[in-house]
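Trainee: Could you take me through how two helices pack against each other, and then through the overall dimensions of the chain?

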Amino acid sequence: MEFSFTEEQLMIRDTAQSFLSEVSTSFAIRNAMGSEHGFDDNVWQQLCTQMGWQATHIPEEYGGFGLGYVELVIMLEQMGQYLFCSPFFSTVCLGANALLVAGSEAQKQQYLPQICEGSLTATLAYTGRSGAWDASAVDTIVSVKDNEYVLNGVYRYVPDGHTADVIIAAARNADTSEQSGISLFVIDANAKGVTREYLPTMDQTKKQAHIVFDNVVVSEHALMGEYANAWPLLDKILNLATIATAAEQVGGAQQVLNMTVAYTKERVQFGRAIAGFQAVKHQAADMMLRTEVGRSAVYYAACVAQEFFDGGSLSGELGEAASVAKSYCSDGYFKNAGDAIQLHGGVGFTWEYDVHLYFKRAKSSQVFLGNGAYHRDRIANILLD
Amino acid sequence: MKLSFSQADEKFREEVAQWLNDNLVEEFAQLKFRGGPGDEHMFPDERKKWEAKLAQGGWIGIAWPKEYGGRGCSIEQQVIFNEEYARAGAPGRVGHIGEGLTGPTLIAFGSEAQKQRYLPGIISGNDLWCQGYSEPGAGSDLSNVRTKAVFDESMGKWLITGQKVWTSLAHESDYIFVIARTDPGSKGHKGLGFFLLNMDQPGIEVRGIKQLTGASEFNEVFFDNAECDEQDIVGKPGEGWSVAMGLLGFERGASTLGQQMQFQNELNELIVAAKNNGTHKDPMIRQRIANAHIGLKIMRYNSLRMLSGNGDDGSLQKEALIYKLFWATWHRDLGELAMDVIGPEAEILSATPYELTRMQALYLFVRSDTIYGGTNEIQRNIIAERGLGMPKDIRPTL
């Protein structure tokens with residue numbers, strides 16, 4: 001047992017930090033926020049071709065680096081800390097994870113090398129109008145016709161759905177509900193019958209789309225996993241993405257704490273830096289507690305995710321570890337971000353200071369893939385039913 | 001970063017579990033799940049015998065170096081021992097202060113004579129220790145110690161006069177370590193000494209403090225020219241504070257894992273109660289039980305991080321700084337949840353005059369968790385100052 005980073009992992013973290021501090025400045029974030037596209041293509045290409053981050057945990061046989069989920073989580077934490085605007089999460093944590101978990105050998109061969117080259121972005125669409133995050137979220141209907149599949153329905157809140165090249169889409173058989181009858185497909189985002197519409201969001205650092213499938217016809221080669229029995233796969237994909245989100249949240253929680261400590265040390269009132277007042281110090285201490293506790297949860301979950309990919313003995317804990325991390329980090333990040341505005345005082349309420357960007361990200365990430373109460377409910381189901 | 005234990009460690013786990021299974025029987029069976037915080041006054045004699053049993057098995061001082069009679073166990077083995085100990089429901093240790101505090105302090109700061117004189121008694125489970133730190137006027141402001149130590153040339157002894165308070169297990173202990181002022185004009189952390197005293201002497205009087213639980217686990221200890229041999233000061237006169245602070249550093253460690261297994265036992269009991277009375281269907285209770293489970297899980301992950309060293313930061317172990325505040329607050333919340341789960345039945349005593357049920361004892365005792373060993377407020381000061389580099393508070397006694 002060694003629950004601390006290796007030298008190599010520390011190096012990955014430091015590299016991520018130094019790259020992001022250059023490319024994800026407040027100016028760069030605000031440029032990305034203002035565009036519908038949502039990210040800087042040049043930076044994304046630099047990240048893909050020079051740094052190769054998107055290939056981190058993809059096995060070498062598909063052109064990746066074959067590193068682990070811990071390494072991936074280290075990068076995600078930094079991306080959350082620097083509020084990095086890119087299709088990384090959608091492409092890697094949703095797209096690549098879905099292909100790794102549910103893709104056929106042919107599908108992996110077709111798509112993963114393109115992701116590793118930086119020539120393909122991807123996302124996952126499963127939640128319909130209900131706004132749910134569990135199996136009941138899937139309400140697009142699939143039917144079989146002449147060895148082909150026909151999909152009809154509406155997806156909302158799809159991360160980077162308007163810019164992704166490929167969509168992993170969940171759909172269910174008519175007259176099924178909850179976990180039964182669900183299938184997964186990998187679909188060209190520009191296929192006939194797919195309409196994608198940008199959804200403007202309060203948190204402008206993460207872009208979402210509304211996607212309509214109107215008689216989208218795909219071949220049997222698009223099917224991922226077993227037809228009408230893909231929930232167990234989708235569940236694992238979502239757990240992996242949930243852990244990734246929690247990692248970003250910890251980074252954000254750390255950053256608002258850093259900003260708050262720096263600001264309160266500078267801000268003088270009553271003849272002294274306000275960081276010297278216990279009312280301020282104690283709130284900052286609670287922020288640090290939430291950050292560190294969240295970090296412990298995320299690192300553990302990252303190890304469990306790695307065990308899942310390796311077929312290790314803790315694989316079975318994936319769902320629980322994801323919910324533990326996401327429930328704590330969602331609420332911890334949100335609380336930290338709110339406290340950060342409070343401790344910044346008036347300037348925390350301005351558009352100019354970056355605190356509100358984190359406050360808004362805290363909320364959008366809290367909701368995405370299920371909020372704290374949702375994940376506590378999942379835990380309660382394990383414990384009490 | 002990896003979580004699994006080696007095969008050798010898993011074998012060690014089996015060894016520990018087997019030993020506990022074989023020995024926690026007969027006269028010791030009644031001690032299962034007893035003697036923890038809030039229950040520390042129960043079965044003192046039986047638990048002393050249990051210490052001797054543990055010593056026979058070589059399970060005292062497993063973290064100590066072999067040269068001092070310990071096992072020199074790795075961190076992983078310490079984790080495993082503490083987990084298995086608590087999982088088996090083995091009783092709260094009466095020897096934990098000697099094993100966890102006195103021993104490591106003497107190994108780090110003590111003279112050779114002190115090591116030879118005191119360590120064997122701890123390892124054999126024979127000598128019990130208590131801790132003389134807090135005073136009526138020195139709680140959160142611990143360095144405001146008034147107890148005096150004067151060296152009497154004719155007797156060749158230190159004479160200690162003053163009062164300590166909140167001394168757990170003082171009435172059961174053979175020895176006490178005390179911080180006292182060696183330099184009469186000094187203030188704050190300067191001018192203190194760290195002394196080892198035999199409890200069995202006329203100059204020491206112990207009085208129990210009746211707590212809000214109705215029981216007495218803590219004591220007041222009065223010193224009236226209590227005698228301490230010349231060689232039983234640890235460090236030099238005036239160095240007591242640095243010894244005392246070094247000792248506080250030993251308080252966190254693998255034993256946190258054992259504490260968490262006790263918490264797990266409490267949470268399990270609470271879940272059973274909820275299922276029995278149907279409150280497990282109440283959405284609010286479900287959320288709170290889940291939240292307790294989540295907090296306890298992360299507490300374990302945090303300890304594993306703490307024990308694996310400071311790989312992620314180099315110098316400062318932030319996860320260790322927040323640990324006390326986190327577990328104390330979590331435990332207090334658990335006590336409140338227990339009452340809400342049990343409902344009106346939670347009011348009814350186990351027996352007269354004031355015998356509490358386990359859940360009542362939990363609920364009441366946890367109010368002390370956020371106070372002793374550094375209150376939540378002091379913890380927040382420490383976190384802000386050491387963890388975040390925020391300005392220090394005004395400390396008039398310094």
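Trainee: Which residues in α1(A) meet α4(A)?
Mentor: This is a predicted model, in which local features need pLDDT of at least 70, side-chain atom pairs count only at pLDDT 80 or more, and totals for chains, interfaces and linings use all residues. Residues are numbered from 1 along each chain as written, while chains are lettered from A and ligands numbered from 1 in the order of writing. Taking contact as C-beta atoms, placed from the backbone, within 7 Å, the α4(A) side offers A:Val70, A:Glu71, A:Ile74, A:Met75, A:Gln78 and A:Met79, and these are met from α1(A) by A:Gln9, A:Ile12, A:Arg13, A:Ala16, A:Gln17 and A:Leu20.

Trainee: How many nonpolar residues does the contact of α1(A) with α4(A) have?
Mentor: Ala, Val, Leu, Ile, Met, Phe, Trp, Tyr, Cys and Pro count as nonpolar, Asp, Glu, Lys and Arg as charged, and the others, Gly among them, as polar. By these classes the contact has two charged and three polar residues, and the nonpolar ones number seven.

Trainee: Are α1(A) and α4(A) roughly parallel or roughly antiparallel?
Mentor: The axes, which are lines fitted to C-alpha atoms over the stretch in contact, with angles from 0 to 180 degrees between N-to-C directions, come within 9 Å and cross at roughly 30 degrees. Angles under 35 degrees count as roughly parallel and those over 145 as roughly antiparallel, and the two helices are therefore roughly parallel.

Trainee: What radius of gyration does chain A have?
Mentor: The radius is taken over C-alpha atoms, and the globule rule is 2.2 Å times the number of residues to the power 0.38. For 385 residues a compact globule would come near 21 Å, and chain A agrees with this, having 21 Å.

Trainee: What percentage of the residues of chain A count as buried?
Mentor: A residue is buried if 20 or more other C-beta atoms, placed from the backbone, lie within 10 Å of its own. Of the 385 residues of chain A, the share that counts as buried is 56%.

Terms used
Buried ≥ 20, exposed ≤ 12 C-beta atoms within 10 Å, placed from the backbone. Helix = DSSP H or I, 4+ residues; strand = E, 2+ residues; numbered from the N terminus. Parallel < 35°, antiparallel > 145°, perpendicular 65-115°, else oblique. Contact = placed C-beta atoms within 7 Å.
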